[in-house]
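Hi everyone, thanks for making time for this one. I'd like to walk you through two contacts, one between chains and one within a chain. Have a look at the picture first.

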Amino acid sequence: MREYESLLSSTLTLPIKKSVTRFIKRLDDALARIEKCVIVACFALLVAAVLFSILSRNLFHLPSHRIFESAPSLVLWMALLGASLALKQRRHIRLELVLRYCSQTVRKWSGRVVSLFGAAVMAGLLITSIDFVRNEIAMFGGWGWLAIIFPIFFGSTAFRYLAALMVSPDSHPSGDSAATGESGR
Amino acid sequence: APTEIKIAVVMPEGSTWTNTLHDFADAVAKETKGEVAVKIYAGGVSGDEVDVLRKMRVNRLHAGGFSGVGLGMVLPEIRVLEAPLLFDSYEEVDYVKERMFDDFAARFEEKGYVLLGFAEAGFVYLFSQRPLSSVADLKQTKMWVWKGDRVAENFLEAFGVQGYPLQLADVNTGLDTRMIDSFYSPPLAAVAFQWYARVRYLLDFPMVNSTGALLMTKSAFYRLKPENREIVSRLVKQYSAELVRLTRRDNDEAMQVIQEAGIERIAPTSEQIASFQRSAQKNYEMSVPSLYSQELLDRIRGLIAEYRAGKK
Amino acid sequence: MNPLTLAILAILTLALLETPVFTVIAALSMACLFFVDHDLLALQMILIEMNRLGSMPVLVALPLFTFVGCLLTETRAPQRIMDFIEALLGWLPGGMAIAALCSCAFFTALTGASGVTIVALGSILYPVMRSRGYEEKFTLGLLTTSGSLGLLFPPSLPVILYGVIAQVDISRIFKAALVPGILLIVVLSGYAFFKQMGAPQRRPQSDISFQRVKTAFVAGIWDWPVIGIILAGVYGGFVTIAEVSAVVLVYAVVVECFVLKEVSFWRQLPSIIVESAVLSGAIIVILGFALGFTGFLVDERIPNRILVFLTTFCESKLMFLAGLNLFLLAVGCIMDIFSAIVIVVPIIIPIALSYGVDPIHLCVIFLVNLEIGYSTPPVGINLFISSLKFEKPVTLLYRASIPYLLLLLVVLVVITYVPWLSLFLVGS
Ligand code: NA
Ligand code: NA
């Protein structure tokens, strides 16, 4: 296995591989920037919606039906985008039971197997979710489009699992600080 | 292996609904000689009515018991049966539903569902922590409205009542914390969910007949052999009639419980009744044509008039 | 070996190779749903169940409280709060731990979700307890397990849901759960007390001084309204818990960004928002796929089958209660508490009644079991949430929570076999 690897990396394919890697990395970062912007927007909207529903009910005695009903959907959007980012930062919960006792090589290869597996699972759900969105639109018309977050989530996670084969994850400073790697500290 | 019919209902195991369904399941197994097996998913384990509809679309569930809210998602005009102040008695409800069954069944068929049988939750009353003895009182209340129930919203709006949308499970807390002080419900539900223990007054005036029905997907229905289809249709009719009878009995008993708990039944004033009738008229105008057509409303009101004339 | 067994074994192997947990549960649900009747449409169940997250109002509180927790950790507020508690309780061995325990229980009672407590309070309490000389393992175990204690106290949402589904008077459940709940807190507090008494490098205890308490209180004068807002909001009836979280959030942002100026609104706030979305997203996505898996369990009536199996083994009430506890512990560590109540309660009630178990007592047993199940290895959700929040391996959390779990299990046995504890206040 290892000989094959070194053979591969010493051939002429190296520059091509490098530029592909760079492209994927840039795509990944761009995706993350969009996700962060949408998260901040959803968050602001969520807080505004909840506050508005309190004010309208207690001050003006007006119940606000539709606004507050959309709040859990906003949370779903935020959570799924956040979960997709968590994959980029390698911060998902995993069972760290066995690999700590294994060699570097085993860990590297198991990482690849896991990435391929994860991409396959997410791709399967991506296809399923497209049908789901179609059904939602058939049932609720325009509001059904809210479910579009599912294919977005499964698409981006499938991509990130594949990207992990080529790009190393973002470094994330440990400790209790809230701000993450890119917060400019 | 037998052909399965998976039925979901929101009512909990042990309720009249599920007991009747179990009897129905036994009868189906017996008469089809085990060729059809009815499996019951009770108590909302399959989610709320929208989730049940979603699962029916992808063939995970084949049938479901629905209230007006769920039925209205498939066929908005079914909610004409829940127009306020339409019916005065159970007899009128039966008279209309009997004559309109085939019409509604054809409309459901177009949407991909088979209307197996009608059911009902009963007449809806207003319950409150404050006395409801005048029109002005009613406008002061903070009335619960089932989240997502647009028809109830419209109906309360026409009555000039502020609706506060909450989930079913939050009504008790809402009443305890005074976020709401009133709710609308059939006596049966008020007792089952223990909402009645948190109010003091009941306006003794039936507002709406809360409807319900058992729907099955066409694909699941036509998968059955023709002779089994016939058996299932016949048994559903029989058991849904039984269910309606038992529900009415349960509602009477619940009303008894409510009275024994010392909740004051307030008779509406003639001024209130006149105001309700004006509001109901306004509600009909709001609902045509967005919910149902003028033609359908006229036909149903015609049937009621016909029944009332015949009784004289 | 049939294909389903093979697929499950392969997925579990991949789980050991550190596949993220949400992907493992997703794959398990896909395999189980597909192999039942080899119908691809069945996979839609996962989406339908996940989508139910979008209709859970209590979910709104999670990212909002997470944000408040992340925001406050960027400030000196945790320090000020703990200075005050230490001034009050510093003389008592384990006093800080006891204070942390009570705050966690209180917070969970409000939110009904112990995961939220770990995220929101854990980030505040962990650094402070560590700086006061509490060991890492002791602190992690305490913060992971003690949040769920609050599920028994009003206005806990799970209790209300249980009452609705089981048709039991909710105020009676709260009364019945009061003594068992206090017992759980007393036992864990006792553990903290004796553990600190015996600690070799125990810091000298300071005497209580009124001046010190007053100084610490005044220093935190901007922090105390947070507690006031939560209490007034929930018990005053102006708002729901989701709305409380939004009000607390606005207060915290205004105070921290514009009054105390410890955080910059434009420079730091966006990254704190993203951080709280990542944290709560990693949790919610697991919850979502767990709902999908639960959908499969319901469809195949697996809880029903297990309970039928259970009843064939248990002849006496005592035996049945033991079996019930084992079953509920297992349920508690694979399902979220709301699904567990909706799905399991209707099944166990008729069976428990046939063994002569009081319905109110059953409710207390049920809730205490699920509480413990939350932190039971290998898959209790709180262990994962802590692992994520404190950035420690799950295995360390397994070891850290064991002493607490053993104590909780002892109390569970007492609660199960001494029904009087739950019933004497309600008089049934
Ligand atoms: Na389910
Ligand atoms: Na759990």
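Let me start with a question: how many residue pairs in polar contact does the rule find across the interface of chain A and chain C? The answer is 4, counting pairs with both residues at pLDDT 80 or more. That cut-off is there because this is a predicted model, so please keep that in mind throughout.

Let's stay with this interface. Chain A brings 66 residues to the contact, and chain C brings 67. Together the two chains bury about 5900 Å², and 74% of that lies on carbon and sulfur atoms. On the side of chain A, the residues that lose the most area to chain C are A:Phe43, A:Ile93 and A:Leu95, yet together they make up 13% of what that side buries.

What about salt bridges? The rule finds 1 across the interface of chain A and chain C. If you'd like to find it on the screen, look for A:Arg91 and C:Glu275, whose closest N and O atoms are 2.8 Å apart.

Now, which elements of chain A are involved? Those giving two or more residues to the side that touches chain C are α2 (13-58), α4 (71-88), α5 (104-140) and α6 (149-163). Of the elements, α5(A) gives the most, with 14 residues. By class, the residues on this side of chain A come out as 39 nonpolar, 17 polar and 10 charged.

Let's move inside chain C. The chain is divided into domain 1, covering 3-38, and domain 2, covering 57-423. Each of the two domains gives 9 residues to the contact between them. Taken over C-alpha atoms, their centres are 30 Å apart.

How much area do these two domains of chain C bury between them? It is about 810 Å², with 90% on carbon and sulfur atoms. Three residues to pick out here are C:Val21, C:Phe22 and C:Ile25: they supply 45% of the area that domain 1 buries against domain 2, more than any other three residues.

And the polar side of the story for these domains? There are 0 salt bridges between domain 1 and domain 2 of chain C, and 0 residue pairs in polar contact, again with both at pLDDT 80 or more. The side of domain 1 that touches domain 2 has 8 nonpolar residues, 1 polar residue and no charged ones.

That's my tour, and I'm happy to go back to any part of it.

Definitions and conventions: Residues numbered from 1 in each chain as written. Chains lettered and ligands numbered in written order. Predicted model: local features only at pLDDT ≥ 70, side-chain atom pairs only at ≥ 80, totals over all residues. Heavy atoms only, no water. Domains from an automatic or database assignment. Contact = heavy atoms within 4.5 Å. Buried area = accessible area lost by both parts, 1.4 Å probe. Salt bridge = Lys/Arg side-chain N within 4 Å of Asp/Glu carboxyl O. Polar contact = N/O pair within 3.5 Å; in protein donor to acceptor, adjacent residues only side chain to side chain. Nonpolar A, V, L, I, M, F, W, Y, C, P; charged D, E, K, R; others polar. Helix = DSSP H or I, 4+ residues; strand = E, 2+ residues; numbered from the N terminus.
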